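I am opening a fresh page for a structure I have not looked at before. Come along as I note what I look up, one entry at a time.

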Amino acid sequence: MTYRQKFFELKNLNNKYLNLTAIKTLLVDNGNYKDFFDLLNHFDDEIKDANKLNSQIEKITYGEPLQYVLGYAYFVNSNYIVTKDVLIPRQETEQLAVGVLTQIIKLFGKSPKITIIDIGTGSGILGIYLKEYFPKSRVICTDISDKCLKISEKNAKLHNVEVELRQGDMLAPIMDENNIDVIVSNPPYILDESTVDPQTLKYEPHLALFANPDTKYYEEILTSIDKQLLNDQKFIIAFEIGEDMKDRLTNIIESKYPNIMYRFEKDIYGKDRFLYIVKNEELTDALN
Ligand SMILES: C[S@@+](CC[C@H](N)C(=O)[O-])C[C@H]1O[C@@H](n2cnc3c(N)ncnc32)[C@H](O)[C@@H]1O
C-alpha cells in the first residue's frame, strides 16, 4: 500500500483521535521524511514499515496520545524523548521557556555563567532548552521521580548537553547550593481530577498533574527557599501557574519578599499563567 492510499484510508476512518495532524505526523515519521511536503514528494511510494504503522494507528484510535506512540514530542524548536513516565510538553511550557530565556538575557546578558535550577524537570525540557542557549551556565534538573530523571538523562544526551540530574522532593536536592541565579518550574497544580480531560487522566503520570492544595508546590518553593540558596544581588524565579492563582500567589510574594519585582503574564487565551519574580540590586525596572 502507498502513503497516498493509507492517507485517505485513515482520513475516512473518522476516528476522533486520528485527526489530520496525527495522520500526517505518523506517515512522515514512518517514512522518515523531513516534513509533510517531503512526504508529498513520495506520496506514491510503498509504505516502508507497514507493521509498525498499523500498530501505532491501533494505539492512537484507542486514545493513546500521539507523542507517547511516537516516543517523542516537539518542544519550542526540537524533539524530546517522551514515555508514559513523563508529562507530554505543553504549549504553555514553551511560553515559559521563551519567557525565562528572555528574562535571563535581560538580567544576566547573552552568555551568562549562572546556575539555573529546573524543579520538577519531567523529560528535562526546560533545563535542557536553557542549557542549549546558555552553554556556559550550570543547569541542575531535579525531580522526585527517578523514572523522569532517566528520560531527562536521555534527552540531555540527545541534545548533546550536560546537565546535573538530582532526585528528591522540591528543594531537597539543592539545599547544598548557595548562589542560585534562576529557578524555573512548572510543578503539579491540578486539584480536581474532574477538570482533566479523560485522555490525559488515563495516560499521563498523575504525579505530574495533581497537587493538594493546588498552590502547594509554589508555596513550598517560595516560603522555604532560604536566602542563603540564592544569589544575593540578582535572581529570577519563574513559574507556570494555574489560571486562578494570581491573588493567592501575590499574597505569598508580598509577605515573603517585600520590595521585590514580580509580574504575572498571560497565556494566548488571556489567562494569568506565568509568574516572574526578579531581584536586581542594580536596576529598578528589570521587569519592564
Ligand atoms: C507538571 S510536570 C512538569 C514536567 C516538565 N517540567 C514539563 O513541563 O514537561 C511536574 C513534574 O514535577 C514532578 N514532581 C511531582 N512532585 C514533585 C516533588 N514533590 N518534588 C519534585 N518534583 C516533583 C513530577 O514528577 C513531574 O515531572
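**Ligand.** I started with the residues around the ligand and counted 20 of them. The closest are Gly 120, Gly 122, Ile 144, Ser 145 and Ala 208. I then sorted this shell by character: 11 of its residues are nonpolar, seven are polar and two are charged. A reminder to myself: I am reading a predicted model.

**Domains.** Next I looked up how the protein chain is divided. Domain 1 covers 3–63, and domain 2 covers 91–280. Their C-alpha centres are 36 Å apart.

**The open sheet.** In which order do the seven strands of the open sheet lie? I read it as 5-4-3-6-7-9-8, with mixed pairing. At the edges I found strand 5 (164–167) and strand 8 (261–266), each of which pairs on one side only. On average, neighbouring strands of this sheet are turned by 15° against each other, direction ignored.

I picked one pair from the sheet for a closer look. Strand 6 (residues 182–185) and strand 7 (residues 234–240) are parallel partners, joined over four bridges. Opposite Val 182 I found Ile 236 of strand 7.

**A hairpin.** Strand 1 (residues 72–75) and strand 2 (residues 78–81) run antiparallel, and four bridges join them. Tyr 72 has Ile 81 of strand 2 opposite it. The two strands form a hairpin, with two residues between them. In the turn, I noted that Val 76 has a positive phi of about 60°.

**Two helices side by side.** How do helix 10 and helix 11 lie relative to each other, parallel or perpendicular? The axes of helix 10 (residues 216–224) and helix 11 (residues 246–256) come within 10 Å and cross at roughly 10°. Angles under 35 degrees count as roughly parallel, so I can call helix 10 and helix 11 roughly parallel to each other. Helix 10 makes the contact through Tyr 218, Glu 219, Leu 222 and Thr 223. Helix 11 contributes Leu 249, Ile 252, Ile 253 and Lys 256. By character, the residues of this contact are five nonpolar, one polar and two charged.

**Backbone notes.** Before this last entry I reminded myself of the background: most residues other than glycine have a negative phi, and most peptide bonds are trans. With that in mind, I looked up two places in the loops.

- Asn 32 is not a glycine, and its phi is positive, near 55°. I found Asn 32 in the loop between helix 2 (20–31) and helix 3 (36–40).
- The peptide bond from Asn 212 to Pro 213 is cis, and its omega is near 0°. Pro 213 belongs to the loop between helix 9 (198–203) and helix 10.

Notes. Residues numbered from 1 in each chain as written. Predicted model: local features only at pLDDT ≥ 70, side-chain atom pairs only at ≥ 80, totals over all residues. Near = placed C-beta within 6 Å. Nonpolar A, V, L, I, M, F, W, Y, C, P; charged D, E, K, R; others polar. Domains from an automatic or database assignment. Axes fitted to C-alpha atoms, helices over the stretch in contact; angles between N-to-C directions. Parallel < 35°, antiparallel > 145°, perpendicular 65-115°, else oblique. Contact = placed C-beta atoms within 7 Å. Pairing = 2+ DSSP bridges.
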